[in-house]
Amino acid sequence: MEQRISLITLGVTDLARARDFYERLGWRGQEVEETVFLQAGGSALVLWGRDKLAADCGIENEGPAGFSGVVLAHNVRSQAEVDDVMRDAAAAGATITRPAGETFYGGYAGVFTDPDGHPWEIAYNPGFPLAEDGSLTIPDLGA
């Protein structure tokens with residue numbers, strides 16, 4: 001198996017609301033057969049009905065309550081950019097679950113959830129610089 005992620009699919013309770021939220025963040029998507037595909041650099045974010053996604057995975061859908069154990073991260077190039085994205089997300093309808101602030105690793109980050117409760121960490125990590133195209137390469141951590 002190659003070491004990469006091609007798609008991240010979020011199970012949503014209201015596809016139109018979810019698409020509107022991400023479009024208000026500036027993302028653009030294409031909808032095909034009640035599924036929205038949003039280009040995300042070299043991968044894609046997919047929005048699909050939660051019930052359909054659970055059935056497709058063969059997993060019982062117990063509802064959106066509680067922490068799913070999955071957090072999406074969006075790294076940026078500065079603390080100011082973290083603040084900008086967090087502000088834009090709140091204006092788009094996100095719930096801020098951890099306001100932006102200093103982190104234990106010397107960075108700066110905040111967390112919001114989208115309308116279906118999927119958490120997004122918005123982070124500036126000076127130890128993980130971004131390439132011009134936005135890609136991230138994990139540095140030698142000396143492990």
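**Entry 1: criterion and model**

I count a salt bridge where a side-chain nitrogen of Lys or Arg lies within 4 Å of a carboxyl oxygen of Asp or Glu. I applied this to a predicted model. By this rule I obtained 7 salt bridges.

**Entry 2: Arg19 and Glu31**

I looked up Arg19 and found its side chain in a salt bridge with that of Glu31, at 3.2 Å from N to O. The pair joins distant parts of the chain, since Arg19 belongs to helix α1 and Glu31 to strand β2 (residues 29-32), 12 residues apart. I noted Arg19 as partly exposed, with a relative accessible area of 22%. Glu31 is also partly exposed, at 42% relative accessibility. I then recorded that Arg19 and Glu31 form a network of salt bridges together with Glu23.

**Entry 3: Arg17 and Asp116**

I turned to Arg17, whose side chain meets that of Asp116 in a salt bridge of 3.1 Å, N to O. Here helix α1 (residues 15-24), which holds Arg17, is linked to the loop between β7 (108-113) and β8 (119-124), which holds Asp116; the two residues are 99 apart. I asked myself whether Asp116 is buried or exposed. Asp116 has 8% relative accessibility and therefore counts as buried, the cut-off being under 20%. Arg17, by contrast, has a relative accessible area of 34% and is partly exposed.

**Entry 4: Glu121 and Arg98**

I recorded a further salt bridge between the side chains of Glu121 and Arg98, with 3.6 Å from N to O. This pair connects strand β8, where Glu121 lies, with strand β6 (residues 95-102), where Arg98 lies, across 23 residues of sequence. Arg98 is partly exposed, at 35% relative accessibility.

**Entry 5: nonpolar core**

I examined the largest nonpolar core, which has 21 residues. Which of them touch the most other members? I found these to be Leu10, Tyr22, Leu45, Leu47 and Phe112. Two or more core residues come from each of β1, α1, β3 (35-40), β4 (43-49), α3 (79-92), β7 and β8.

I followed Leu47 individually. Leaving aside residues up to four places away in sequence, Leu47 touches Leu10, Val12, Leu15, Ala18, Arg19, Tyr22, Glu34, Thr35, Val36 and Leu38. Arg19, the partner of Glu31 in a salt bridge, is thus one of the contacts of Leu47.

**Entry 6: nonpolar surface patch**

I located a nonpolar surface patch of about 260 Å², made by Leu7, Val32 and Phe37. Leu7 lies in strand β1 (residues 7-12). I noted Leu7 as partly exposed, with a relative accessible area of 48%.

**Entry 7: the whole chain**

I counted 3 helices and 8 strands in the protein chain. I read their order along the sequence as β-α-β-β-β-α-β-α-β-β-β.

I then compared overall dimensions. A compact globule of 143 residues would have a radius of gyration near 15 Å, and the 16 Å of the protein chain agrees with this. Along its principal axes the C-alpha trace spans about 40 × 40 × 30 Å.

I noted that buried residues make up 31% of the 143 residues. For the accessible surface I recorded about 9100 Å², of which 52% belongs to carbon and sulfur atoms. Last, I took the contacts between residues at least 6 apart in sequence and found that 49% of them join residues at least 24 apart.

Notes
Residues are numbered from 1 along each chain as its sequence is written. This is a predicted model: local features need pLDDT of at least 70, side-chain atom pairs count only at pLDDT 80 or more; totals for chains, interfaces and linings use all residues. Side-chain values use heavy atoms; hydrogens and water are left out. Helices (H or I, at least four residues) and strands (E, at least two) are DSSP runs, numbered from the N terminus. Buried means under 20% relative accessible area, exposed over 50%, partly exposed in between (1.4 Å probe, protein chains only). Patches are made of residues with over 30% relative accessible area and no salt bridge: like charges are joined within 9 Å, nonpolar side chains (Val, Leu, Ile, Met, Phe, Trp, Tyr) within 5 Å. Accessible areas come from the Shrake-Rupley method with a 1.4 Å probe; for residues, only the protein chains shown count as cover. A nonpolar core is a set of buried Ala, Val, Leu, Ile, Met, Phe, Trp, Tyr and Cys residues joined through side-chain atoms within 4.5 Å. Contact means heavy atoms within 4.5 Å. The radius of gyration is taken over C-alpha atoms; the globule rule is 2.2 Å times the number of residues to the power 0.38.
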